[in-house]
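Please look over the structure shown here. The report below covers charged pairs, an internal cavity, a surface patch and a few single residues.

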Amino acid sequence: MKIAVTGATGQLGQIVIEKLKEKIDPRNIFALVRVPQKAADFKVEIREADYDKPHLLETALEGIDTLILISGSEIGKRAQQHLNIVAAAKKSGVKRIVYTSLLHADDTSLGIADEHVITEGLIKSSGIDYTILRNGWYTENYAASVRSGIESGSFYGSANDGKISAAPRQDYAEAIVAVATSEGHQGQTYELAGDEAFTLTELAEELSRQINKPVSYINLHPEEYIKSLITLGVPEGVAQMLTGIDASISKGDLFDDSHQLSKLIGRPTRPLKSNILLL
């Protein structure tokens with residue numbers, strides 16, 4: 001079975017490549033990357049691939065059985081980019097697609113969900129076997145908050161007491177590999193999230209405990225939060241997006257207690273207390 005991974009030089013993709021090497025012969029792993037030089041030390045076959053260049057995608061997918069499609073990072077362009085690679089997968093005879101979507105993509109207020117819903121539809125209508133992995137939040141998304149807490153004793157947000165069922169990228173990567181290297185997942189959609197949820201206040205409390213000094217979470221009105229981010233040099237569009245994400249968190253859109261992630265990886269997900277200082 002030959003498995004290709006898109007976005008292989010990204011933060012999640014690199015972990016997936018390493019976890020795959022623990023499961024299958026590296027000769028059957030193919031890293032699809034825009035800049036092959038960045039993957040020179042992967043010790044798997046490297047193939048040049050660019051979401052915006054369909055002719056490259058078809059060549060990159062030749063002979064591939066399973067495509068791990070890690071969603072693109074260019075918000076606003078992803079629907080077309082994913083269409084390109086799904087079309088190329090069909091032309092190249094790919095037998096199965098494993099796609100990383102978003103938690104509760106079809107029932108969330110998160111603005112970034114739209115492109116995931118479109119992509120899920122494209123994959124389902126392609127005729128290719130598929131598994132949809134709807135990833136929740138990565139614990140690493142709060143690395144900046146942790147750094148701010150350590151340096152200044154506080155960090156800001158606008159999520160109120162919304163609970164976040166986060167897990168580290170490594171846990172999600174293990175789930176991707178588990179699904180891609182085993183049978184019985186065809187046609188399934190999994191809602192993946194950490195076993196233990198936390199609020200941003202609880203994040204501050206845990207950080208306080210681990211560094212043995214007070215850290216506080218300061219909850220701002222959305223308009224205040226946008227202004228504070230812009231003051232820090234964050235582009236206005238990004239500031240609005242981040243504030244929108246916190247609004248969705250306050251509504252419970254990043255909470256999930258189905259434990260499907262831990263079931264796929266065969267162990268509990270790593271809790272906040274075990275990895276907060278590694279962010």
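The report starts with salt bridges and ends with backbone angles.

The model is predicted. A search of the whole structure finds 19 salt bridges. Three of them are listed here.

| Salt bridge | Closest N to O |
|---|---|
| Glu115 and Arg78 | 3.1 Å |
| Arg134 and Glu191 | 2.8 Å |
| Arg267 and Asp171 | 2.6 Å |

In the pair of Glu115 and Arg78, the side chains meet in a salt bridge. Glu115 belongs to helix α4 (residues 113-125) and Arg78 to helix α3 (residues 78-92), so the pair ties together parts that are 37 residues apart in sequence. Both Glu115 and Arg78 are buried.

Arg134 and Glu191 also meet through their side chains. Arg134 is in strand β6 (residues 129-135) and Glu191 in strand β8 (residues 188-192), so this pair ties together parts that are 57 residues apart in sequence. Arg134 counts as buried at 6% relative accessibility, and Glu191 counts as buried at 12%.

Arg267 forms a salt bridge with Asp171. Arg267 sits in the loop between α10 (260-265) and α11 (272-275), and Asp171 in helix α6, so the pair ties together parts that are 96 residues apart in sequence. Arg267 is partly exposed at 23% relative accessibility, whereas Asp171 is buried with a relative accessible area of 0%. Salt bridges with shared partners join Lys19, Asp171, Glu174, Arg267 and Arg270 into one network.

Arg134 appears again among the contacts of Ser101, a residue of strand β5 (residues 96-102). Neighbours within four places in sequence left aside, Ser101 is in contact with His116, Glu120, Ile132, Leu133, Arg134 and Asn135. Ser101 counts as buried, at 5% relative accessibility.

The structure holds one cavity of 30 Å³ or more. The volume of the largest cavity is about 50 Å³. Its lining residues include Thr139, Asp195, Glu196, Phe198 and Arg270.

On the surface, Ile75, Val238 and Met241 make a nonpolar patch of about 230 Å². Val238 is part of helix α9 (residues 236-250) and counts as partly exposed at 35% relative accessibility.

Which asparagine residues have a positive phi? Asn160 has a phi near 55° and lies in the loop between β7 (154-157) and α6 (169-180). Asn160 is partly exposed, with a relative accessible area of 40%. Asn212 has a phi of about 60° and lies in the loop between α7 (200-211) and β9 (216-219). At 70% relative accessibility, Asn212 counts as exposed.

Definitions and conventions: Residues are numbered from 1 along each chain as its sequence is written. This is a predicted model: local features need pLDDT of at least 70, side-chain atom pairs count only at pLDDT 80 or more; totals for chains, interfaces and linings use all residues. Side-chain values use heavy atoms; hydrogens and water are left out. Helices (H or I, at least four residues) and strands (E, at least two) are DSSP runs, numbered from the N terminus. Buried means under 20% relative accessible area, exposed over 50%, partly exposed in between (1.4 Å probe, protein chains only). Contact means heavy atoms within 4.5 Å. Patches are made of residues with over 30% relative accessible area and no salt bridge: like charges are joined within 9 Å, nonpolar side chains (Val, Leu, Ile, Met, Phe, Trp, Tyr) within 5 Å. Accessible areas come from the Shrake-Rupley method with a 1.4 Å probe; for residues, only the protein chains shown count as cover. A salt bridge is a side-chain nitrogen of Lys or Arg within 4 Å of a carboxyl oxygen of Asp or Glu. On a 1 Å grid over the protein atoms alone, a cavity is a set of points where a 1.4 Å probe fits but cannot get out, and a pocket is an open set with protein on both sides within 12 Å along at least five of seven lines; lining residues have an atom within 4 Å of a point. Grid points are joined across faces, edges and corners, and a volume is the space filled by probe spheres set on the points.
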